[in-house]
Amino acid sequence: MKGATTHRYGMVIDLDKCTGCGACMIACMAENNVPFRDDESDKLLSLTWMRIFRLNNGKPFPEADVCYLPRPCMHCEGDHGHSPCVSVCPATATDYSRETGIVSQIYTRCFGCRYCMGACPYKARLFNWWDPVWPDGMEKFLNPDVSPRVRGVVEKCSFCYNRYQLAKNKAFLEGRRELEENEYQTSCTQACPAGAIVFGDLNNPHHQVHQLVDPDMAHGGRPRNPNAFRILERLGTNPKVYYLSSREWVRRSGDNTIEGEGKLKSH
Amino acid sequence: MDRALIPDGVQRDPLWKFILKLGPVVAVLIWGVVAMFLCWIKGLNQTNMNNYYGFALWIWADLAVIALGGGAFFTGFLRYLVGKDDLKYIINFAVLVGFICYSSALLILAIDIGQPLRGWFIFWHANVHSMLTEVAFCLSAYFGVLTIEYIPLVLENRQLDRVPFFHHLSHNMHGIMAVFAATGAFLSFFHQGSLGGVAGVLFGRPFAFREHVFIWPWTFFLFTWSAAAYGPSFTIMLLKITEKITNKRLVKDNVVQLLAKISGWMILTYIIAKIIDTWYWAAVTAPSKGFTLIDFYSNNAFYGLWILFLEIVVGGVIPAIILVSDKGRKNAKLLFLAVVLGVIGVSVNRWVMVLQVMAVPIMPFDQWALYLPSWQEVATTILPVAYGVILIALSHRYLPVWPQERELNPIDAPSAPEAAVAEDIDEAAEAAPDGDLAPAQA
């Protein structure tokens, strides 16, 4: 886990732009062959690599305010180079890439102990409680670049890693080693109608994600942009998903604070 | 019918009565086995676990039985390495209980994983940084040690012991048992400690996370220490239940008193260390992550401060006070109350370190997640209990588990030939309840 990450792919989500439409969730499911069941009413059993939370400021009309917060996997690096989930997996079925900063999940190696789910504070890891069953004919429309998962293994957002591999292949054939910013974009980024999601290399000052949050790499990637924040910053997970909001109560909703620190009740 | 298999000089129920008594237990066992196969065939959708509750009843049961089974390694440690010779009269039973606990833990783990056929990946693709890896290796190895410790007892069955090879094998295994006791203690220190680390290293879960010295060595030793402390209490509790069911004394009071005293002092020292750990966590660690103590015990329908009180005071301080006091230990009712409270205390500790960890919301906009286990989870959790009862019953009937039983329960059975023992033992006992017996074997 030691050594600098060459690239640090990350995401910036502007919560002032997000309308909670759910297009990112749908695009994610279609891109990554995420299965679904006839009855999805129990959301704690649903496979939602991207899940949208609804936050409110707890105030009555006319001061009531709502915010929709999309939550993919945060692809944590950890303050000391240890993602919460990677170090706990007993079978090395999840890995932190020093090349991309992406936390991977090796479905064929996962044996379903679910320790990583217990370790993830964002609840971004999901278990296949059932074998995937596709509606008749739908299997013909699955993404051939992403392997469907069997019952009994954990899965999660991969930052559409299959797209990274395709882009790398293309670059290799063209004699390039580096990718352009627009060559590798996640499906949720492209599907967002409000343009609320931006994706790129946080290490690259020419990428929009870097410019939006201005990460302070000397301090665990903390954003210098005063409107930017990360969820549960205090835990030291060092996530690579940043959020933007001009509303203070939204920014404060990203972390736990005790009484003297001015905690906001957001739900 | 099976009298030839029953140890010499002891009284056992007729076979029909024995089978009849075990009937309900076997029914429970079958219920558990059905649930187990449902989970294996249909998958973990048979449970009420969900994406917020990846760890649930089974993992608690695992941690609990491993803690309670700690009586085996610690009694062995005291008997063979510290030299508490009197414990030889209870070591067989402690080993039997440990064997049941650890085999149950492995069985539950085999049900709990989503891809049971890939279970060996934990050894093949081992991640040396993971607490679970260490637990899996040490737990499996220690189960091997417990098997080795249990085998000589099986070989001492009256009929097996007649086979010269088995006789010499068990004799020689007894001769080197100190080596296995030391190995068991060594392995237990690792896996018990690592089980503490399983929750303690989760820096994304402020309810479980411990930092600096409070993760290593503190939390690791808290788990090892608690298993060593409460395990013997569990052994005593099961001994008392067995004595009640069989309606006979099986171990002398001085042996029980010794083990209870050691257990009491262990619990007392453990609970002091646990209180220090809880204080530092509540006063320093949790606030540094944005949580107050009460955040973990409010705004939900189940978890309140009562569970902390139950674990530390009712299940820790009270049994410790009873067991370290001479009067408390010598009062049969207080002794039993203390060991039962101790068993509850350590079980609650494992519960909160598994289930409450999962239940507490971490993201400020998230909710508490409570769950009720499905019947399949309950049945598979009770399954090891039924299995344990059956194994204890079989061992009690056919193996010389209790070296002091003949001395404590003298019967005037015909002393010689095996054939004579084949007479109805019940009748023999009724005819001459005060007969002399040869001293118990060590």
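**Two chains, one predicted model**

With 22 C-beta neighbours inside 10 Å, Gln105 of chain A counts as buried, and I would like to begin with that residue before widening the view. Please keep in mind throughout that this is a predicted model. Gln105(A) belongs to strand β5, residues 103-105 of chain A. Eleven residues away along the chain is Thr94(A), and the C-alpha atoms of the two are separated by 4.5 Å. If we set aside the neighbours within four places in sequence, Gln105(A) is in contact with Ala93(A), Thr94(A), Cys110(A), Val154(A), Glu155(A), Lys156(A) and Ser158(A).

Let me now step back to chain A as a whole, which has six helices and twelve strands. Its C-alpha trace spans about 50 × 45 × 40 Å along the principal axes, and its radius of gyration of 18 Å agrees with the value near 18 Å that a compact globule with 267 residues would have. Of those 267 residues, 47% count as buried, and among the contacts with a separation of 6 or more, 59% are between residues 24 or more positions apart.

Some backbone details in chain A deserve a look, and here a general remark helps: most residues other than glycine have a negative phi, and most peptide bonds are trans. Lys123(A) has a positive phi, near 55°, in a residue other than glycine, and Lys123(A) is placed in the loop between α2 and β6 of chain A. With 19 other C-beta atoms within 10 Å, Lys123(A) is partly exposed, since a residue needs 20 or more to count as buried. Asn238(A), also not a glycine, has a positive phi of about 50°, and its place is the loop between β11, residues 228-229, and β12, residues 241-244, of chain A. Asn238(A) has 22 other C-beta atoms within 10 Å and is therefore buried.

Turning to peptide bonds, the one that joins Phe61(A) and Pro62(A) is cis, with omega about 10°, and Pro62(A) is found in the loop between β2 and β3 of chain A, the latter being residues 66-71. In chain B, the bond from Trp216(B) to Pro217(B) is cis as well, with omega near 10°, but Pro217(B) has its place in helix α9 of chain B.

That brings us to chain B, whose secondary structure comes to 17 helices and zero strands. The C-alpha atoms of chain B fill a box of roughly 75 × 50 × 40 Å along the principal axes, and the radius of gyration is 23 Å, which agrees with the value near 22 Å for a compact globule with 442 residues. Buried residues make up 49% of the 442, and residues 24 or more positions apart account for 80% of the contacts in chain B with a separation of 6 or more.

How do the axes of α4(B) and α9(B) cross? Helix α4, residues 91-112 of chain B, and α9(B) have axes that come within 10 Å and cross at roughly 105°, which makes α4(B) roughly perpendicular to α9(B). On the α4(B) side the contact is made by Phe93(B), Ala94(B) and Val97(B), and on the α9(B) side by Phe234(B), Thr235(B), Leu238(B) and Leu239(B). Those contact residues divide into six nonpolar, one polar and no charged.

A further helix of chain B to look at is α11, residues 305-324, whose 20 residues should span 28 Å at 1.5 Å a residue, and whose end C-alpha atoms are 27 Å apart, which agrees. Within α11(B), the buried residues are Glu311(B), Gly315(B), Gly316(B), Pro319(B), Ala320(B), Ile322(B) and Leu323(B). What covers these buried residues includes α9, residues 215-246, α10, residues 253-288, α12, residues 326-330, and α13, residues 332-359, of chain B.

Finally, where do the two chains meet? In the model, 44 residues of chain A are in contact with 39 residues of chain B. On the chain A side, the elements that give two or more residues are β2, residues 51-56, α2, residues 115-119, and β6, residues 126-127. The largest share of that side, four residues, comes from α2(A). By type, the residues of chain A that touch chain B divide into 26 nonpolar, twelve polar and six charged.

Notes. Residues are numbered from 1 along each chain as its sequence is written. Chains are lettered from A and ligands numbered from 1 in the order in which they are written. This is a predicted model: local features need pLDDT of at least 70, side-chain atom pairs count only at pLDDT 80 or more; totals for chains, interfaces and linings use all residues. Two residues are in contact if their C-beta atoms, placed from the backbone, lie within 7 Å. Ala, Val, Leu, Ile, Met, Phe, Trp, Tyr, Cys and Pro count as nonpolar, Asp, Glu, Lys and Arg as charged, and the others, Gly among them, as polar. The radius of gyration is taken over C-alpha atoms; the globule rule is 2.2 Å times the number of residues to the power 0.38. A residue is buried if 20 or more other C-beta atoms lie within 10 Å of its own, exposed if 12 or fewer, and partly exposed in between; C-beta atoms are placed from the backbone. The expected span of a helix is 1.5 Å times one less than its number of residues. Axes are lines fitted to C-alpha atoms, for helices over the stretch in contact, and angles run from 0 to 180 degrees between N-to-C directions. Angles under 35 degrees count as roughly parallel, over 145 as roughly antiparallel, 65 to 115 as roughly perpendicular and the rest as oblique.
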